[in-house]
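User: I have a model open and want to learn to read its features. Can you take me through them in order?

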Amino acid sequence: MRSRFSAYAVKNYAYVLATYAPEQRRSLTLSTLRESTDNTRWLKLDVLGSAERDAVGIVEFIATYALDTDYFRIHELSSFIKQDAHWYYTTGVMQNKSGKFTPNRNDECPCGSAVKYKKCCRK
Ligand SMILES: [Zn+2]
């Protein structure tokens, strides 16, 4: 999960693709992945919880990203399957904290700097 976020952040789409479950991977290509997220600046990943049983894993997370000067969150419940000791992403279900948001001046900056927004990325 975290490694997939990191891969998106550094635009390592080969890794992102390789960690999709085979069934999902069939309908994806490197260029479609690139086109869908290349302008995205991934800022922060908060894992809210996870559980696994047998070969199925569930992860709830909030990923924060920026597009131009707008901020967004993806709040998702992701499912993974385990095959040959590796976890593969299968599907994600959007949760209620997803969407565009505007940080308040005194909030911690969404870039993850731990500095107040007004003293960091607010322009
Ligand atoms: Zn910032």
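Analyst: We go from overall layout to strand pairing, then turns, burial and contacts. Keep in mind that this is a predicted model.

User: What does the secondary structure of the chain come to, and in what order do the elements run?

Analyst: Start with a count, then read the order from the N terminus. The chain has four helices and five strands. The order is α-α-α-α-β-β-β-β-β. The C-alpha trace spans about 45 × 30 × 20 Å along its principal axes.

User: How many bridges join β1 to β2, and do they run parallel or antiparallel?

Analyst: For a strand pair, look at the bridges and the direction. Strand β1 covers residues 41-53, and eleven bridges join it to β2. The two run antiparallel. Individual partners fix the register. Leu45 has Ala63 of β2 as its bridge partner. Gly49 stands opposite Glu60 in β2.

User: How many bridges join β2 to β3?

Analyst: Twelve, and this pair is antiparallel as well. Strand β3 covers residues 70-83. For a register check, take Ala66, which stands opposite Tyr71 in β3.

User: How many residues lie between the strands in the hairpin of β1 and β2, and which residue there takes a positive phi?

Analyst: In a hairpin, count the residues between the strands, then check the backbone angles. Here there are two residues between β1 and β2, and Asp54 takes a positive phi near 50°. The hairpin of β2 and β3 also has two residues between its strands. In that turn Asp68 has a positive phi of about 50°.

User: Why flag a positive phi at all?

Analyst: Because most residues other than glycine have a negative phi. Asp54 is not a glycine, yet its phi is positive. Another case is Ala85, with a positive phi of about 70°. Ala85 sits in the loop between β3 and β4.

User: Are Asp54 and Ala85 buried or exposed?

Analyst: Count C-beta neighbours within 10 Å; 12 or fewer means exposed. Asp54 is exposed because it has 7 other C-beta atoms in that range. Ala85 has 5 such neighbours, so it counts as exposed too.

User: Where is Asn96 found, and why does it count as exposed?

Analyst: Asn96 is in the loop between β4 (86-94) and β5 (99-101). Asn96 counts as exposed because it has 6 C-beta neighbours inside 10 Å. Sequence separation is another thing to read here. Asn96 and His75 are 21 residues apart along the chain, yet their C-alpha atoms are separated by 6.9 Å.

User: What share of the chain counts as buried, and which residues make up the largest nonpolar core?

Analyst: Take the overall share, then look for the cluster. Of the 123 residues, 11% count as buried. The largest nonpolar core has six residues: Val59, Phe61, Ala63, Tyr65, Phe80 and Tyr88. Strand β2, residues 56-67, gives the most to this core, with four residues. Ala63 appears twice in our tour: it belongs to this core and is the bridge partner of Leu45.

User: Which residues is Tyr65 in contact with, beyond its neighbours within four places in sequence?

Analyst: Drop the sequence neighbours, then list what is left. For Tyr65 that gives Thr40, Arg41, Trp42, Leu43 and Phe72.

User: What share of the chain's contacts with a separation of 6 or more comes from residues 24 or more positions apart?

Analyst: Set a separation floor, then take the fraction beyond a second threshold. Here the share is 35%.

Methods: Residues numbered from 1 in each chain as written. Predicted model: local features only at pLDDT ≥ 70, side-chain atom pairs only at ≥ 80, totals over all residues. Core = buried A, V, L, I, M, F, W, Y, C linked by C-beta atoms within 7 Å. Buried ≥ 20, exposed ≤ 12 C-beta atoms within 10 Å, placed from the backbone. Contact = placed C-beta atoms within 7 Å. Pairing = 2+ DSSP bridges.
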